[in-house]
Amino acid sequence: MSDQILLVGIHGFGYHGLLEHERTNGQDFYIDLALEVDLRAASLSDSIEDTVNYAGITDLVVIEITTNPVSLIEKLAGRIAERILISFTKVNSVTVTLHKPQAPVSASLKDIAVQITRTR
């Protein structure tokens with residue numbers, strides 16, 4: 001199947017990281033999602049019941065970013081993917097790209113991100 005819903009740049013402010021100042025001061029996180037969903041029925045019916053509610057998915061992502069801090073963004077990305085698959089049964093697979101542009105590294109760079117894919 002090649003149908004996808006793409007959600008790009010979901011923003012949340014969270015307190016994830018290994019370092020104390022990350023846990024104290026927090027930073028911006030951005031999430032991109034590629035959701036594999038069979039969109040044939042929705043493309044014919046024009047009914048929300050035949051697709052997934054991406055407003056609900058974005059709310060879930062923001063809650064995950066803004067609560068329950070973790071040390072690794074890999075853990076956060078995995079948690080987001082698993083929650084989407086549990087909560088939205090029409091999603092067959094999800095790719096989560098988690099961006100941490102203010103990661104504490106000594107080099108100058110635009111972004112650090114992890115990308116994971118989970119399938120039902």
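Which residues are linked with Arg 83 in a network of salt bridges? Glu 64 and Arg 79 are, and point 4 returns to them. This is a predicted model.

1. Core membership. The largest nonpolar core has 28 residues. Within this core, Leu 33, Leu 35 and Ile 84 touch the most other members. Two or more residues come from each of these elements: strands S1 (4-14), S2 (27-37), S3 (91-99) and S4 (113-119), and helices H3 (54-66) and H4 (73-87). Helix H4 gives the most, with 7 residues. As a general background, nonpolar side chains in soluble globular proteins tend to be buried together.

2. Contacts of Ile 84. Leaving aside residues up to four places away in sequence, Ile 84 touches Leu 33 and Leu 35. Ile 84 also touches Ile 57, Leu 60 and Val 61. Val 91 and Val 94 complete the list.

3. Salt bridges, overall. The structure holds 5 salt bridges. Three are taken up in the points below, starting with the pair inside the network.

4. Glu 64 and Arg 79. Their side chains meet in a salt bridge, at 2.4 Å from N to O. The pair joins distant parts of the chain: Glu 64 sits in helix H3 and Arg 79 in helix H4, 15 residues apart. Glu 64 has a relative accessibility of 5%, so this residue counts as buried. The network of salt bridges links both residues with Arg 83.

5. Glu 82 and Arg 118. This salt bridge has its closest N and O atoms 3.8 Å apart. It too links distant parts of the chain, with Glu 82 in helix H4, Arg 118 in strand S4, and the two positions 36 residues apart in the count. Glu 82 is partly exposed, at 37% relative accessibility. Arg 118 is partly exposed as well, with a relative accessible area of 31%.

6. Asp 38 and Arg 40. Here the side chains meet in a salt bridge at 2.4 Å, N to O. Is each partner buried, partly exposed or exposed? Asp 38 has a relative accessible area of 26%, so it counts as partly exposed. Arg 40 reaches 57% relative accessibility and therefore counts as exposed.

7. Largest pocket. Its volume is about 190 Å³. The lining holds 14 residues. Nearest the centre lie Leu 18, Ser 71, Leu 72, Ile 73 and Lys 100. By class, the lining residues divide into 9 nonpolar, 2 polar and 3 charged.

Methods. Residues are numbered from 1 along each chain as its sequence is written. This is a predicted model: local features need pLDDT of at least 70, side-chain atom pairs count only at pLDDT 80 or more; totals for chains, interfaces and linings use all residues. Side-chain values use heavy atoms; hydrogens and water are left out. On a 1 Å grid over the protein atoms alone, a cavity is a set of points where a 1.4 Å probe fits but cannot get out, and a pocket is an open set with protein on both sides within 12 Å along at least five of seven lines; lining residues have an atom within 4 Å of a point. Grid points are joined across faces, edges and corners, and a volume is the space filled by probe spheres set on the points. Ala, Val, Leu, Ile, Met, Phe, Trp, Tyr, Cys and Pro count as nonpolar, Asp, Glu, Lys and Arg as charged, and the others, Gly among them, as polar. A nonpolar core is a set of buried Ala, Val, Leu, Ile, Met, Phe, Trp, Tyr and Cys residues joined through side-chain atoms within 4.5 Å. Buried means under 20% relative accessible area, exposed over 50%, partly exposed in between (1.4 Å probe, protein chains only). Helices (H or I, at least four residues) and strands (E, at least two) are DSSP runs, numbered from the N terminus. Contact means heavy atoms within 4.5 Å. A salt bridge is a side-chain nitrogen of Lys or Arg within 4 Å of a carboxyl oxygen of Asp or Glu.
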